Amino acid sequence: MAIQRTFSIIKPDATKRNLTGAIAAKFEAAGLRIVASKRIQMTLAQAETFYGVHSERPFFGELCEFMISEPIVVQVLEGEDAIAKNREVMGATNPADADAGTIRKEFALSIGENSVHGSDAPETAAEEIAFFFSGLELVG
Ligand code: CMP
């Protein structure tokens, strides 16, 4: 498997509890290099666009309100098989189902307040990176 890039969000529940460094350390320990990183606060319109694929889900409103409730840290992670590796390090969406040692098992509060987001495929990774980062912010 070649070197890939994936997109990550450290969510409001985690930034609020000062877990940005602890989560970044998990990525780095897994061999994922943080090649871009910034702390931002999304507008409601940005959150609704970013999570547009979930717009018909019953939790959509709650999800978007949560994602704008506090700053988030958006990152680009690079490494061998980065998309799958990041999903492994994050653990299952619902922390109750996450394996021991994963970010969500250790830090997530609930299925909604689950500390991190990570891209699920190469196409979404490319779209999500481009949504938050300009070419100038992405060094090799
Ligand atoms: P994420 O990887 O950011 O992608 C979509 C998010 O929707 C997901 O993580 C969860 O935080 C959230 N989500 C999924 N299912 C539920 C649910 N049943 N209730 C609230 N939020 C949910």
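Visitor: What surrounds the ligand, and which residue closes the list?

Guide: A residue is near a molecule if one of its heavy atoms lies within 4 Å of it. The model is predicted, so local features need pLDDT of at least 70 and side-chain atom pairs pLDDT 80 or more, while totals for chains, interfaces and linings use all residues. Numbering runs from 1 along each chain as its sequence is written, and side-chain values use heavy atoms, without hydrogens or water. Around the ligand stand Lys 11, Tyr 51, His 54, Phe 59, Leu 63, Thr 93, Arg 104, Ile 111, Gly 112, Asn 114 and, closing the list, His 117.

Visitor: How many residues of this shell are charged?

Guide: Asp, Glu, Lys and Arg count as charged, Ala, Val, Leu, Ile, Met, Phe, Trp, Tyr, Cys and Pro as nonpolar, and the others as polar. By these classes, the shell around the ligand holds four nonpolar and five polar residues, and the charged ones number two.

Visitor: Which residue has a side-chain N or O atom 2.6 Å from an oxygen atom of the ligand?

Guide: Polar contacts (N or O pairs within 3.5 Å) reach ligand oxygen atoms from a backbone N or O atom of Gly 112, at 3.3 Å, and from a polar side-chain atom of Asn 114, at 3.3 Å. The side-chain N or O atom at 2.6 Å belongs to Tyr 51.

Visitor: What share of the ligand's exposed area does the protein bury?

Guide: Accessible area is taken by the Shrake-Rupley method with a 1.4 Å probe. Taken alone, the ligand exposes 460 Å², of which the protein buries 79%.

Note on methods
A polar contact is a pair of N or O atoms within 3.5 Å; within protein, one must be able to donate a hydrogen and the other to accept it, and residues adjacent in sequence count only if both atoms are side-chain atoms.
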